[in-house]
Amino acid sequence: MRIVITDSNFVSDEPERAVLSAAGLTVERFNCRTEEEMIEAGKGADAVLVQFAPVTRRVIEAWTSCRLIVRYGIGYDNVYIPAADGAGIAVCNVPSYCLDEVADHTCALLLSGLRKVVAFDRSVRSGEWNVEKVAKPMPRFADSVVGLIGFGRIGARVAERIRPFGFQILIYDPYMSADKAEQLGVHKAATLEELLSKADAISLHSPLTEDTKHLINATTLSQMKSGALLVNTSRGGLIDTEALATALNEGTIGGAAIDVFEQEPLQNDHPLRSCDNLILTPHAAYYSDSALITLQTQAAEEVVRLAQGLPLASQVNRPSGGQGGSR
C-alpha cells in the first residue's frame, strides 16, 4: 500500500510515521505546491494526506489508484469533492483537533481589537501618549453586542468564553432555531442584516461554500456599524479582502482582526498590509504544540482504518464507489 503526504508545514512527520509503522505501513513525504507536483506525487498512491496543496479535478483524475484523501484540518475546501465522489475516493478531515485553540485565538483577537491593544502599542512605540486619540470609540463590554456568524462547535466555545465579560451575544445561523439559541444562552438574529447592523464586533464561524464565499463584501460591510470590529479565524474566502481594505481605509468599519486569507501567505503588496486599524496573524489560530500532534496522529489513523478495512471516522463525502472507492 503506497501512502503519500503531498505537503505539510509540520517540522516533523514522526507522529504519522509512528502510527503507520505500528500498523506495518510506511509513508513518503513531498512538498507539493502546484497541480503538476500533486499529480506526480500521488500517482500510484492508495492514500494521500494533504494540507494546503490543491486537489483539483485534474489531480484526482490522475490519481487512478487512490482510495482515500485525508485533509489535515477541519476544512477541506482545497479538495474538489465532486471529482472525488465521481472517482469513488473517500475524503476525510480531522474535525475536532483544534476547537479550543481556534476559540481561544478568536477571543484574543476580539478582546485585543475591542480594547485596541495593538493600536495602543503602535501609538506608544511611535512616541505618542494619547489615550483618547487612539481609543475613541470604545464602548464598555457590558454595553457591546458581539455577533457570531455561524454557531457550531467553535462559535459556541467563543460564546462560552466571552459571556463572563458581560457582552450581549447575537448569532446568525440558518441551521439553528431561535428556541435552541435561547436554550444555549444567546439570541438569534432573524436576518444577517439584523446582526450586521446591531453588532459592535462580528466574528465569523461559517464553513466556506458557494453560498458563503465573500459573505463579507462591500455591501455587507456598509451594513455594519461604523465603529464595528470584524474578526475572522474561519475561512479566508468568507471575506472579500479588497473590499475590507477599502472599508478600513475609508472608515466604513472601525477595525478588523484577520487570521485567514483567500491566498496564503498574504501577498506582500496586498492593500490590507497598509491598513492601520487591523490586526494580522498568519493562519495561526489552530496552533498549539499538542494540537499539532493530535492533527497528525488522527490523520494517520484514518489511513490505518482504510488499510485494515475498518469504517472511517470522519468521512465528509459520499463517493459513488462506496467507502474507500471501487478502484
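Reader: What makes Gly 150, Phe 151, Gly 152 and Lys 188 contacts of Asp 173?

Author: In this predicted model, each of those four residues has heavy atoms within 4.5 Å of Asp 173, which is what contact means here. Neighbours within four places in sequence are left aside in that list. Asp 173 itself is found in the loop between strand S7 (168–172) and helix H9 (178–183).

Reader: Why is Asp 173 said to have no salt bridge?

Author: A salt bridge requires a side-chain nitrogen of Lys or Arg within 4 Å of a carboxyl oxygen of Asp or Glu. The nearest side chain of opposite charge, that of Lys 188, is 6.5 Å away from Asp 173, so the cut-off is not met. Asp 173 is nevertheless buried.

Reader: Why is Glu 301 called partly exposed?

Author: Its relative accessibility is 30%, and since buried means under 20% and exposed over 50%, a value in between counts as partly exposed. Glu 301 lies in helix H13 (residues 289–308), and its C-alpha is 38 Å from that of Lys 188, the two residues being 113 apart in sequence.

Reader: Why is the pair of Phe 10 and Tyr 72 called edge-to-face?

Author: The ring centres are 5.0 Å apart, which satisfies the limit of 6.5 Å for a pair, and the planes stand at 85 degrees, which passes the 60 degrees over which a pair counts as edge-to-face. Phe 10 sits in the loop between strand S1 (3–5) and helix H1 (14–22), while Tyr 72 sits in the loop between S4 and helix H4 (81–87), so that the pair links parts of the chain 62 residues apart. Both Phe 10 and Tyr 72 are buried.

Reader: What makes the pair of Phe 141 and Phe 167 tilted?

Author: Here the centres are 4.5 Å apart and the planes differ by 35 degrees, an angle that is neither under 30 degrees, as stacked would require, nor over 60, as edge-to-face would require. Phe 141 belongs to the loop between helix H7 (131–135) and strand S6 (145–149), and Phe 167 to the loop between helix H8 (153–162) and S7, so the pair ties together parts that are 26 residues apart in sequence. Phe 141 and Phe 167 are both buried, and ring pairs join them with Phe 165 into a cluster.

Reader: How do you know that S8 and S12 stand at the edges of their sheet?

Author: The open sheet of seven strands has the order S8-S7-S6-S9-S10-S11-S12, with parallel pairing. Strand S8 (187–188) and S12 each have a single partner strand, so one side of each is left without a neighbour in the sheet.

Reader: Why do S6 and S9 count as paired strands?

Author: Pairing asks for at least two bridges, and four bridges join S6 to strand S9 (residues 201–204), so the condition is met. Within this parallel arrangement, Val 146 stands opposite Ala 201 in S9.

Reader: What makes S4 and S5 a pair in the sheet of five strands?

Author: Three bridges join strand S4 (residues 68–71) to S5, where at least two are needed. In S5, Cys 92 is the bridge partner of Val 70. The order of that open sheet is S2-S1-S3-S4-S5, and strand S2 (28–29) and strand S5 (90–92) are at the edges, because each has a single partner strand.

Notes: Residues are numbered from 1 along each chain as its sequence is written. This is a predicted model: local features need pLDDT of at least 70, side-chain atom pairs count only at pLDDT 80 or more; totals for chains, interfaces and linings use all residues. Side-chain values use heavy atoms; hydrogens and water are left out. Helices (H or I, at least four residues) and strands (E, at least two) are DSSP runs, numbered from the N terminus. Buried means under 20% relative accessible area, exposed over 50%, partly exposed in between (1.4 Å probe, protein chains only). Lys and Arg count as positive and Asp and Glu as negative; His and the chain ends are not counted. Rings of Phe, Tyr and Trp (its six-membered ring) pair if their centres lie within 6.5 Å; planes under 30 degrees apart count as stacked, over 60 as edge-to-face and the rest as tilted.
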